[in-house]
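Colleague: Before I rely on this structure at the bench, could we go through the terms you use and what stands behind them?

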Amino acid sequence: MPPEPVSRILLIDDHRVFNDALKSLLNEQPDLTVCGQVSKASEAIHAVQRTSPHLILLDINLQGVNGIDLGRAILSDFPLVRILMLTMYNQPKLLDEARRVGLQGYLLKDASTNDLLRAIRNVLNGGTSFDANVPNLTSPPEDPFGDQFASRLHLTFREVEIIALIREGLSNEQIADKIHLSPETVKTHRKNIHFKLGISKVTELVQFAIKNGI
């Protein structure tokens, strides 16, 4: 009996610990192998040329670069490669944009191992896999804390809380102590806030908070 064909997967994600854990998981599968790991968007195209993957697992936020735009650029140069977004953003607008530009899947990072492997194999076999846990774009937006402004920008209650504390001048460590999170978690929230608002500087965030009464 001939050996089972092995699909080559390229990982593009700037969270190195997550990237390494995902590599270990996938390399345990007899039909899958990780052919490369990339942490910077600027290295992505070269990595695709060098490794010739069948599938790319692509994060949506790569140090401020929009992964969906990167995915579209990759598909323009390598139309046969399959791309599955693997993201922490549970946002219908982003899922819809990924689908619109031709990406084959959008899966949340908190998916189970079985769901992840199922999605990977489905996309490799020519299908698509869009996470059912992301609300339908046509559904009425939920507003869990009564703030239409924050809901419109897809800010969570915790993110609004952190913006307010940043406006007060608190450091990551002080914010973490005040709201009982780890400093690393606060850093992640801040990165997500900057990405959602399209800003890169603390001064811009403070100006945004003042302008919007946060």
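Modeller: The largest cavity holds about 40 Å³ of space, a volume being the space filled by probe spheres set on grid points joined across faces, edges and corners. This is a predicted model, in which local features need pLDDT of at least 70 and side-chain atom pairs count only at pLDDT 80 or more, while totals for chains, interfaces and linings use all residues. Residues are numbered from 1 along each chain as its sequence is written, and side-chain values use heavy atoms, with hydrogens and water left out.

Colleague: What makes a set of points a cavity?

Modeller: On a 1 Å grid over the protein atoms alone, a 1.4 Å probe must fit at the points but be unable to get out, and lining residues have an atom within 4 Å of a point. The lining of the largest cavity includes Asp13, Phe18, Asn19 and Asp59, and α1 (16-27) gives the most to this lining, with three residues.

Colleague: Why is aspartate 59 called buried?

Modeller: Buried means under 20% relative accessible area (1.4 Å probe, protein chains only); aspartate 59 has 3% relative accessibility, and therefore counts as buried. UniProt, in an unreviewed entry, places "modified residue: 4-aspartylphosphate" at Asp59, although such annotations may be inferred rather than shown by experiment.

Colleague: And why is arginine 72 described as partly exposed?

Modeller: Partly exposed lies between the buried limit and exposed, which is over 50%; arginine 72 has a relative accessible area of 35%, so the label partly exposed applies.

Technical notes. 1 Å grid on protein atoms, 1.4 Å probe; cavity = no way out; pocket = protein on both sides within 12 Å on 5 of 7 lines; lining within 4 Å. Helix = DSSP H or I, 4+ residues; strand = E, 2+ residues; numbered from the N terminus.
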